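Trainee: I should like to take a close look at one residue and its surroundings. Please show me the sequence and the structure.

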Amino acid sequence: MRRWIWTFFPHSLTLRLMAAAALWVLPVLALAGFLLGWAFRTHLESQLDAKLSDYQRELLAAASIDDSGNLVLDYIPADPRFSRVFSGWYWQAAMGGKVVRQSTSAGPMEAGALNQLSAVDGITDLYGPGQRELRVYRRDVTLPRGTAPVTILVAAPCDELEADMAQFATHIFIIMATLGLTFLIAIYLQVGFGLRPLGFLRREIAAIRNGRAERLSSSFPDEIAPVVEEVNALIDHNRQLIDRARNEAGNLAHALKNPLSVLSHEIADLEPARRAALAAQLDSISGQVERILQRIRAAGPSAGGNAPVDLAEIADDLTFSLGTIYRERCLDLRFEIAPGTAFAGDRGDLVEILGNLCDNACKWARSRVTVRAGRRDDRLAVAIEDDGPGIAAGERENVLARGQRLDERVPGSGLGLDIVHEIVTLYRGRLNLSDSALGGLRVELDLPAA
Amino acid sequence: MRVLIVEDDSEIQRLLATALTSAGYAIDCAGDGEDGLHLGMTESYDAIILDLGLPQIDGLSILERWRKDGVTTPVLILTARDSWTEKVKGLRAGADDYVAKPFQMEEVIARIEALIRRAKGITSSVVSIGPLTLDTAQSMVFRDGHPITMTPLEYRLTAYLMMRRGAVISKTEITEHIYDQNFDCDSNVVEVLINRLRKKLGPDTIETRRGHGYVLAL
């Protein structure tokens, strides 16, 4: 049943609901029209019958038996329709089966034709002259002094009634069609109104995906609330998975790094050539481990459920942390964050990006490191500058390449930049190296803003 | 100088202890969080190397407890957890430096030295008082530019006296800072050590303040 419906309205709830509404609205309207028509016809028929009865009574009142025993009419109905030939309106007075007098309209008709047609006392429908359907009222009475029963017969055409009916039906159809159309428009609007929360839901989910919100709000109608709850539960579950993956990554790091530390120390006693060879291998292993761990750790933009990440807060953390690590260098580390600058993504990822870049800048700087961040349209622009030696234009490409170490003399350098580059690429951002006005390196970041 | 190493990996612990001992430090080791927390609270150290992933109590909680209880000893976090989020957390908890594993031994020793100097208010790795020069980077003591051969214990005491120059240092403080935890605290040993140093550095270099302790008299 469900599949069957979907083949007709594959993609639209609105169409489905409209079709369902049409399925009952249109028959109900049709039934209403039919019942109205029936009531109207009954009314017209009873009116016609009343009229026939009136004329019949009039004729009966005019009828009498004269002294010679013949039927005479003192007067006849004045309705002009009885005068127009074959108008459909006829009357007839007969006695003992013999027509005594009839309306002018029945003039050319063979006398008794009507009489023959209607043999029943009361109202009958029958076909009269010209195969025209007539409604006939016949009454047989015996008048005082009469020797034979007198038959009074009045007929009216049915087609007049049918014409009235047809006109009425046209009206009814127009009214019902208008009504149906109005209903469908009203239902369309009603469905749109009813389904509006779905639009809100879509927008909120998009906001989560774009990192502008963390969860769905709770202000949804009862019918959608369970779905919202499920989505929120799914987001929480995803976040737990990410957290668990990060924990596992941390555990793995712990497990691998201790042996690596031990090995790199143990080879110190070897002869220089062998030591260099082993050290290079160990470095390569450490580098690979580091990169893979970083990649596992990076949540990326698709993780979902990220609240906008406030840059000022991270700047505060990094000022404190780098200030502690480089306390003796007395660096002038300055963050200039435009108010309300926020990142759409995972907080840990941004901390990793900025931490590595600022750490690099601090390592190389002579005395000054400046970080500026602001919004440019819907992008987040960050520039990190130092007054260190900088990187020659030709070298910059290499720095971003995998695992390239820029200078072995500064411990731990090099690995940071390519990790940063990878995370930035995850967010479809850009990382650009250039010369700083301060004299050293200028690193420009382009990331999604929240 | 006395350093506490809180590290659950016995190999790393052994390596650090060996390297730091040969650099002239007295070393205590703790293999789990509870031990580490306890030692850091009760003993007096010049620096602490702290791993984060520890059995029983994790490193961050230990650090927070120490700082809450007023332990101001410089702490170097040495851990495999090297994301910046964790670095920030560690430094915010009160660490003074953060080194990620795998590490270079020279770097750890250099940073420990720097932490101790910083804590004692000395900015250079070379301290000169009168004819004596202490080079903590090389673990050497010079008199008028000539190196003096010393046992590790003698070096540790000289370095401690020179870094705390001008201050009267009690025997207890000396035993606390130059011997490790397992040392059986006998005050005669300190006196013997002081006398040996006087012979090497010069008879008037170390002054005895009766009932109080010793002071570098240069």
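Trainee: In which strand of chain A does A:A373 lie?

Mentor: A:A373 belongs to strand β11 of chain A, which covers residues 368-376; strands are DSSP runs of E of at least two residues, helices are runs of H or I of at least four, and both are numbered from the N terminus. The model is predicted, so local features require pLDDT of at least 70 and side-chain atom pairs pLDDT 80 or more, whereas totals for chains, interfaces and linings use all residues. Residues are numbered from 1 along each chain, and chains are lettered from A and ligands numbered from 1, in the order written.

A:A373 counts as buried because it has 24 C-beta neighbours inside 10 Å (20 or more is buried, 12 or fewer exposed, in between partly exposed, with C-beta atoms placed from the backbone). Beyond its neighbours within four places in sequence, A:A373 is in contact (C-beta atoms, placed from the backbone, within 7 Å) with A:L311, A:I337, A:A338, A:T341, A:L380, A:A381 and A:V382. A:E444 is 71 residues away from A:A373 in sequence, yet their C-alpha atoms are 9.7 Å apart.

Turning to the wider setting, chain A meets chain B through 25 residues of chain A and 26 of chain B. On the chain A side, α5 (225-266), α6 (272-297), α7 (311-325) and α8 each supply at least two residues, and α5(A) gives the largest share, ten residues. That side comprises seven nonpolar, twelve polar and six charged residues (Ala, Val, Leu, Ile, Met, Phe, Trp, Tyr, Cys and Pro are nonpolar; Asp, Glu, Lys and Arg charged; the others, including Gly, polar).

Terms used
Contact = placed C-beta atoms within 7 Å.
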